Protein chains: 2
Amino acid sequence: MSAAPSFDEAFTAKLGELLAWRRDVRRFRTDTLPEALLEELLALMQLSPSVGHSQPWRWVRLRDLEQRAAVQASFAACNAAALADYEGEQARLYASLKLEGLREAPEQFAVFCDHGTGQGHGLGRRTMPEMLDYSVVAAITQFWLAARAHGVGVGWVSILDPDAMRRIVEAPPEWKLVGYLCVGFPVEEHDVPELVRAGWEKGRS
Amino acid sequence: MSAAPSFDEAFTAKLGELLAWRRDVRRFRTDTLPEALLEELLALMQLSPSVGHSQPWRWVRLRDLEQRAAVQASFAACNAAALADYEGEQARLYASLKLEGLREAPEQFAVFCDHGTGQGHGLGRRTMPEMLDYSVVAAITQFWLAARAHGVGVGWVSILDPDAMRRIVEAPPEWKLVGYLCVGFPVEEHDVPELVRAGWEKGRS
């Protein structure tokens, strides 16, 4: 163990800016990310908290164009079904929203929770088994913040069929999809969520 | 919108230290936290990502000693049941672990997900309804990081009965417990998880 760091006011002020400007990104530049940067972000993600130190996150990088096309097809089907749930003005607004950057984002990851892992020996998830999935969410959140600090945007896509996603990447049956991430340099940066700017939801902050 | 901030190498290096030294805290000093600091941390938590901008997190602050005693009783019962699942050396090791700071931590929060919220209009959670709970996990993760940057430790306790917790704080039936947090100044600081130091799980980092 090295000496515990201290964080001064300049850092905490900047951390506040990072949290405010993190935001979900759906508009990506298509230029590639440096490989070393991607490795650094994934290394920082590994520092995330996990129940019983189980580290159940499994990141699958999708580079194959056929796989990516299959993801886009899953999104299109799920999004059409979602649109059908809305009516009138709300349906028109929903149809106008840009909800993902699946075509543009240079890097994409399907992030799973490995329910078959023995790591952690079950500690901390007897009464709350969902803690295993939550550990993967924490890892995605940390990756997201680290990425934004390095100028990289992340968009979390959830309008997908989890079973289809597992088939597309040939994941084992005990892996549960937690998130699908689009990653790349953002076209524009905002401190107000896109859904608020688009008038979908005002929110409380 | 103000101008987008940029984050220099000094900040990203320090952010790496924050992620490494975040860690789950179970050993707290009993002195109180400044109220203004707690408010600042909760304001930063509000900036967390949420599906459809639903912001479904509901933070209940537990200050009542009877409530806290009931939480400790729930932990004791759940932990005894957990211990019974292990045998031999592993059981002895489990019994020696300090898994929570429920008696010492000056601030404690039960954090729920409000499944009854209309905010977000269901966007993004038709095929993955668990996204609502995941939004609360992201908020806890951001609170945790912001707290550590301000010298405050957080410990996430999951060895509890979620139904009992809801009864203890008289939460509505549509609120689901996501986490119970102990919050306070840490007795000691580490960059290696307590479970690794105690020999429970080596982990991969």
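Tutor: Let's open with a definition: buried means under 20% relative accessible area, exposed means over 50%, and partly exposed is in between (1.4 Å probe, protein chains only). This is a predicted model, where local features need pLDDT of at least 70 and side-chain atom pairs count only at pLDDT 80 or more, while totals for chains, interfaces and linings use all residues. Residues are numbered from 1 along each chain as its sequence is written, chains are lettered from A and ligands numbered from 1 in the order in which they are written, and side-chain values use heavy atoms, leaving out hydrogens and water.

Student: Is P186(A) buried or exposed?

Tutor: P186(A) sits in the loop between β4 (175–184) and α7 (194–197) of chain A. Its contacts (heavy atoms within 4.5 Å) include V25(A), R27(A) and R29(A), leaving out residues up to four places away in sequence. Since its relative accessibility is 11%, P186(A) counts as buried.

Student: How far apart in space are P186(A) and G153(A), C-alpha to C-alpha?

Tutor: Happily, these two also touch: G153(A) is among the residues that P186(A) contacts, along with G151(A) and V152(A). In sequence P186(A) and G153(A) are 33 residues apart, but their C-alpha atoms are separated in space by 5.3 Å.

Student: In what pattern do the elements of chain A follow along the sequence?

Tutor: Helices here are DSSP runs of H or I with at least four residues, and strands are runs of E with at least two, numbered from the N terminus. Chain A has seven helices and four strands. Read along the sequence, the pattern is α-α-β-α-α-β-α-β-α-β-α.

Student: What is the radius of gyration of chain A?

Tutor: The radius is taken over C-alpha atoms, and the globule rule is 2.2 Å times the number of residues to the power 0.38. For 205 residues that rule gives 17 Å, and chain A is close to this, so it is as compact as a globular protein of that length, with a radius of gyration of 18 Å.

Student: What share of the residues of chain A counts as buried?

Tutor: Let's set the scene with contacts: between residues at least 6 apart in sequence, 83% of those in chain A join residues at least 24 apart. Along the principal axes, the C-alpha atoms fill a box of roughly 60 × 45 × 35 Å. Of the 205 residues, the buried share is 59%.

Student: Which residues does Q72(A) contact, leaving aside its neighbours within four places in sequence?

Tutor: Q72(A) belongs to helix α3 (residues 65–83) of chain A. Its relative accessible area is 18%, so Q72(A) is buried. Beyond its sequence neighbours, Q72(A) is in contact with L102(A) and R103(A).

Student: Now chain B: what is the relative accessible area of E107(B)?

Tutor: E107(B) lies in strand β2 (residues 107–114) of chain B. Among the residues it touches, apart from those up to four places away in sequence, are R61(B), R68(B) and C182(B). E107(B) is buried, because its relative accessible area is 5%.

Student: Which residues does A4(B) touch, not counting those up to four places away in sequence?

Tutor: A4(B) is placed in the segment before α1 (9–21) of chain B. With 36% relative accessibility, A4(B) counts as partly exposed. Its C-alpha is 44 Å from that of W200(B), 196 residues away in sequence. Outside the excluded neighbours, A4(B) touches W21(A) and E189(A).
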